[in-house]
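User: Please take a close look at the strand position you find most telling, and follow its contacts outward. Keep it brisk, and tell me how each term is defined.

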Amino acid sequence: MSAEKPAPSLTELRQEIDRIDEAMHRLLMERGTIIDRLIASKKASKTGIASAFRPGREASMMKALAERHEGLLPLDTVESIWRVIIGTFTYVQSNYSVHADISGGDAPMRDSARFHFGFTVPYVTHPSAAAVIEAVASSGGDLGIFRLDQGATSGAWWRTLADRERPKVIARLPFIERPDHPAGTPVFVISKPLVDAAVRDVVLYAAQFERWHRGANEALIRLGGEVVASAADAHGLSELIAVPGTVEPAQLQETLTKAGASLAQLAEVGSHAERFHVK
Ligand SMILES: O=C(O)C(=O)C[C@]1(C(=O)O)C=C[C@@H](O)C=C1
């Protein structure tokens with residue numbers, strides 16, 4: 001009869017934890033040693049280092065993390081750890097603040113900013129999406145966040161992103177969508193245009209209509225698109241439309257017109273990575 005192995009003592013288990021913690025810390029410090037090379041590489045790129053944020057890369061990293069994850073540690077925890085790591089690595093490459101529209105309440109926006117960018121990155125509040133857009137437009141390389149589900153009183157904020165040099169939507173958060181996400185308020189992230197560093201799985205358009213037709217909604221859905229927000233103003237009906245990046249503006253215009261909507265203007269206002277859901 002073989003003697004049973006005694007259970008490891010608390011001291012031994014804590015030694016295991018210390019070994020793992022030290023290895024994780026050393027790996028994080030090693031991750032930090034490549035920052036200078038990241039900065040040099042971005043300085044040489046067309047987009048430059050004004051904003052070090054690379055939303056397509058981040059979306060694919062977060063997707064890989066969610067797909068790889070298993071075991072008893074909640075996905076919420078690993079996601080928040082990596083968001084802080086990546087948000088802070090972006091910050092140390094080029095300092096930035098996150099400007100948030102708190103017209104719908106500070107708590108969900110603060111949760112979203114802290115979850116996705118960490119506590120090292122300054123969080124600055126504003127009374128409206130319009131104020132956030134202006135703060136980002138006059139900054140060096142700051143980011144702005146605001147809710148997708150703005151109330152009707154906030155107006156067609158997306159129209160102010162239309163001109164070429166204006167800030168653009170560069171991401172939609174959270175990257176990993178799921179019910180009960182701990183910071184799950186859907187928000188758009190804006191920054192000054194990222195030139196060739198933007199990810200274009202989903203492209204957003206500000207569309208101005210003289211007349212809208214219900215059939216246009218169905219035609220849009222058939223294209224794989226949706227109306228994200230709409231507001232009526234003195235110019236008619238203004239909509240924020242999301243379509244797959246494979247849909248050309250001319251195709252979008254033709255589809256809407258054929259479906260009976262009278263389109264007066266169509267302007268791109270940003271783009272983001274393909275949305276990713278887990279259960
Ligand atoms: O891959 C890059 O371009 C990086 O700067 C690295 C990194 C990261 O920490 O992993 C940080 C910022 C970017 O938004 C994406 C990823």
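Analyst: **From one strand position outward**

L266 is partly exposed, because 18 other C-beta atoms lie within 10 Å of its own. The cut-offs are these: 20 or more such neighbours make a residue buried, 12 or fewer make it exposed, and partly exposed is in between, with C-beta atoms placed from the backbone. This is a predicted model, in which local features need pLDDT of at least 70 and side-chain atom pairs need 80 or more, while totals for chains, interfaces and linings use all residues. Residue numbers start from 1 along each chain as its sequence is written.

L266 sits in strand β10 (residues 262–272). Helices (H or I, at least four residues) and strands (E, at least two) are DSSP runs, numbered from the N terminus. Leaving aside residues up to four places away in sequence, L266 touches Y205, A207, P249, L252 and Q253. A contact here means two C-beta atoms, placed from the backbone, within 7 Å. L266 also has a partner far along the chain to compare with. A162 is 104 residues away in sequence, yet the C-alpha atoms of L266 and A162 are separated by 9.0 Å.

Follow Y205 next. It is among the residues with the most contacts inside the largest nonpolar core, along with L143, I145, I170, V189 and I190. That core has 56 residues. Strand β7 (residues 202–211) gives the largest share, seven residues. Domain 1 (27–35 + 48–197) and domain 2 (202–272) both contribute, so the core lies between them. A nonpolar core is a set of buried Ala, Val, Leu, Ile, Met, Phe, Trp, Tyr and Cys residues joined through C-beta atoms within 7 Å. The domain bounds come from an automatic or database assignment.

The two domains have their centres 25 Å apart, taken over C-alpha atoms. Their contact uses 16 residues from domain 1 and 13 residues from domain 2. On the domain 1 side, strand β4 (residues 168–173) brings the largest share, five residues. That side divides into eleven nonpolar, two polar and three charged residues. For these classes, Ala, Val, Leu, Ile, Met, Phe, Trp, Tyr, Cys and Pro are nonpolar, Asp, Glu, Lys and Arg are charged, and the others, Gly among them, are polar.

Now L143, another of the residues with the most contacts in the core. Beyond four places in sequence, L143 touches F53, Y96, V98, V136, V189, I190 and S191. D142 lies in the loop between α6 (129–137) and β3 (143–147). D142 counts as buried because it has 24 C-beta neighbours inside 10 Å. Its contacts beyond four places are Y96, S97, H99, A135 and V136.

F53 leads on to the ligand. The ligand is surrounded by L38, A52, F53, R54, R57, E58, I86, F89, T90 and Q93. A residue belongs to this shell if its C-beta atom, placed from the backbone, is within 6 Å of the ligand. Helices α3 (55–68) and α4 (75–93) each supply at least two shell residues. The largest share, four residues, is from α4. The shell holds five nonpolar, two polar and three charged residues. V92 is also found in α4. V92 is partly exposed, because 13 other C-beta atoms lie within 10 Å. V92 and L173 are 21 Å apart, C-alpha to C-alpha, with their positions 81 residues apart in sequence.

L173 brings up the backbone. Most residues other than glycine have a negative phi, and most peptide bonds are trans. L173 and P174 are joined by a cis peptide bond, with omega about 0 degrees. P174 is in the loop between β4 and β5 (176–177). D180 is not a glycine, but has a positive phi of about 65 degrees. D180 lies in the loop between β5 and β6 (187–191). D180 is exposed, because 6 other C-beta atoms lie within 10 Å.

Last, the whole chain. It has eight helices and eleven strands. Its C-alpha trace spans about 85 × 45 × 35 Å along the principal axes. Of its 279 residues, 33% count as buried. Among contacts with a separation of 6 or more, 76% join residues 24 or more positions apart.
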